[in-house]
Structures are given as structure tokens and as C-alpha cells.
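Visitor: I would like a close look at a single part of this model. Please take one sheet and what packs against it, and go through it slowly.

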Amino acid sequence: MWRELAPIGRHPGSGGYRRYAWSAADLECRAWFRAQAEARGLTYETDRNGNQWAWLGDPLAGDAVVTGSHLDSVPDGGAFDGPLGVVSSFAALDELRSRGAAFTRPLAITNFGDEEGARFGLACVGSRLAAGQLTVADAHRLRDADGITLPAAMESAGYDPEAIGPDPERLARIGAFVELHVEQGRALDLTGDPVGIASAIWPHGRWRFDFRGEANHAGTTRLADRRDPMLTYAETVLAARREAELTGALATFGKIAVEPNGVNAIPSLVRGWLDSRAADQATLDAVVTGIERAAREYAERAGIDLDVVRESFTPVVEFEHALRDELAKILAGTGDTGRPVPVLGTGAGHDAGILSASAPTAMLFVRNPTGISHSPAEHAAEDDCTAGVTALADVLEGLACS
């Protein structure tokens, strides 16, 4: 499975993946998912929001145990973020069948669409729509960098954009959702454990900072006469780092757009996107407030106009304690390390976090030796991936089998 999926959407220059929502690479990943489902005799379906489902047992019976993740990527992302969870789900089912497990609850494997938000700027679009956390009107307004709307992209890919919307009946049939994911940090590497359990997802959001100045000639305009928004943006980037260090939070300007974007032109507009995360809401509020305050002070001093827009926000997600504790109990009873499976928080958002408001959810993490993610250097050792499959199979057996 890994060898079949690995080439899809891989850029020959960067070595990273460009599997953007509703692109050709995304459609090829979707075809791969369907082929895996049908090869195992599972009932395949696509829901109203383009999320894929592969069912063992009656999809309408309710109290289903669901696992899976996503197959799309960030720009030049790694091979493991998302796909490891989907591949491991199919592999865990294969493992359970080899054990002769007797299922007493329906089991489903999922691929949620547009989790990364790389194309339209909003993460977890598929699960947000299903959970009613993204309105149809707001979804229809989403556009990519080329001005293509989400409905147009879906329609060109053969899906009906008019069908999208909340899917409470489907989510009500989920008794438990467990997502396996490569760890996007080094906590497991530091403890020496191949697999961990998630405790919570930090609150996080994305803010757009628009710095507006005056375009002019870079070779003839005196420094004293310039209203250069790039300088104010640069000062704000440094302020974000300082505020994050002071508060113990994370703050990153990782995306920028410049107009007119000429080498010999002073910009008229610098638009930067801030990603910020923290262990609690108060800390997140403090770091973002501090960054915006500094940006406005710099802008006022330089004669730059500034607009700040919060484009997305996800509050803290505490995974259901009963399900989390059940996972810990199952893995403690099947492991051979002689110690409990570690429980750790994460600053990364996931579909499991979105679904937590609608169904009991939990997550498993697989060790990432470098902690690098959202990069071609993202990696997990084969032995650890195998340990992740075994852990997921043990959890699914404990939840869905007699």
C-alpha cells in the first residue's frame, strides 16, 4: 500500500507532496482509497461533503467504530502526515482478519477531504462541513490562489457542491472515532516509546495581517520618503517570535503575499498569515494580542495602514477521557514494554478534534525521530509504523470485537 501511494502527487524537484483538495493528485489518492476498500470487500461510499468511507458491517446500524485520517497535503509536505493513518487503518483491518477477530460493531475506515487547507486556506473542510462547523455559505465563498471557488473545484472533480452541508445523522452513527497520526514533535522520541495516546489538541488559529503602504520605485525613492509595508511586516515577524517566547506559546508567519511583487518595486501591500497555538486559551489570547499590538505600533510609526482578520479558529479539544482511558487500558494489556503508553498533548489540528464535538474521539501517535513535519524530511521508522498498526488493531479489537 505504501509503495502504491507514495508516488502520487510527489513533486520531482522538492521531493515533497502537493496533494491539494480536488486536484488531480487528490483524485488519484481518492481512487487509491476506493480500490483498497473494494479489494477488501468493504462497502464504499462518498458522503455529501466528499469524505470517503469504507464499511465492514451495516453502515446504518449505528454505534460504529471508525478510524482513518486524510490523504491531502500541505505544499511540499511529507509522506506520513495523514496517509500513515489511512494506510495503517487498512493494515489494522488486515491484521484483525488474520487474527480471526469477530466484529460485534460496524467498522469504518475514512479519508476526510481537505484536512490541511492548503488550497482554500481553511483546515479540515470535509469534517467541518459534516460537523456543521462550516456553513454552506462560507464554504461556497472559499477561493484558492487562482480565484477558483470550492464549488467550482468540486464540480470539476465530479462532485456536487450543492449537496454539501451538515451531516448529523451520519455522525450520530459513530460510537467511537480513533485517528492514528505520525507525531508532529519529538515527545515520543524523548521518552523512547514507539506509540502514544493524545490527551488534547491545543487551541489554535490563523490570522491575516494586511499591511498597506505606497508602491514606488526602489531605485529612485529616498528612504525617508518611503511608506514600505515590508519593513512593518518584518518587525511584526520578529515581534511574533518575542511574544511566543515570553508566553510559552507558538507563533509563526509562514505565508506571505506581496503586491506588486517586483524586485525593483517598493510594495504597496504585504499580506502575512499568522499561525498561533498555545496550551490554553488565555495564553493564546495573550500572544496574539501582543503581536497585534506591536504590529499596530510599528504601522502607526511608519504611516502604514493595518487590517487584522481572524480567518479560522479551533478551541482547545480535550479528547473524551473515558475513550482515552479505554485506549490506555487496552494498550497496557497488550504491550510488552512493561510500562504505560505515554499520553501527550499536541499543537496540531486534526479531523479527530473537529469530530470531538459530535462523537467520542481519540488519537494514537507514532514516533517521529526528528520531530520534523510538513516537510519532505518527515519520517517514521518502519518498525514504529508496524507498532502503530499493531496498536491500532489492538484498539479496534478492544472496541469493535467480542
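Visitor: How many bridges join strand 7 to strand 12, and in which sense do the two strands run?

Guide: This is a predicted model. In it, strand 7 (residues 204-212) and strand 12 run antiparallel and are joined by 9 bridges. One position on strand 7 shows the register: H204 stands opposite T314 in strand 12. The two strands belong to an open sheet of 4 strands, with the order 9-11-7-12 and antiparallel pairing. Its edges are strand 9 (250-259) and strand 12 (305-314), each of which pairs on one side only. Between neighbouring strands of the sheet, the average turn is 20°, direction ignored.

Helix 9 packs on this sheet and touches strand 7, strand 9 and strand 11 (269-277). The direction of helix 9 makes about 170° with that of strand 9.

Helix 9 also has a helical partner. Helix 9 (residues 229-247) packs with helix 10 (residues 281-302) at an angle of about 150°, and their axes are 9 Å apart. Because that angle is over 145°, helix 9 counts as roughly antiparallel to helix 10. The crossing of the two helices is right-handed. On the helix 9 side, the residues in contact include T232, E235, A239, R242 and T247. Those they meet in helix 10 include T283, V287, G290, I291, Y298 and R301. By class, the residues of this contact divide into 11 nonpolar, 5 polar and 4 charged.

Terms used: Residues numbered from 1 in each chain as written. Predicted model: local features only at pLDDT ≥ 70, side-chain atom pairs only at ≥ 80, totals over all residues. Heavy atoms only, no water. Axes fitted to C-alpha atoms, helices over the stretch in contact; angles between N-to-C directions. Parallel < 35°, antiparallel > 145°, perpendicular 65-115°, else oblique. Left-handed = near helix turned anticlockwise from the far one by under 90°. Contact = heavy atoms within 4.5 Å. Nonpolar A, V, L, I, M, F, W, Y, C, P; charged D, E, K, R; others polar. Pairing = 2+ DSSP bridges.
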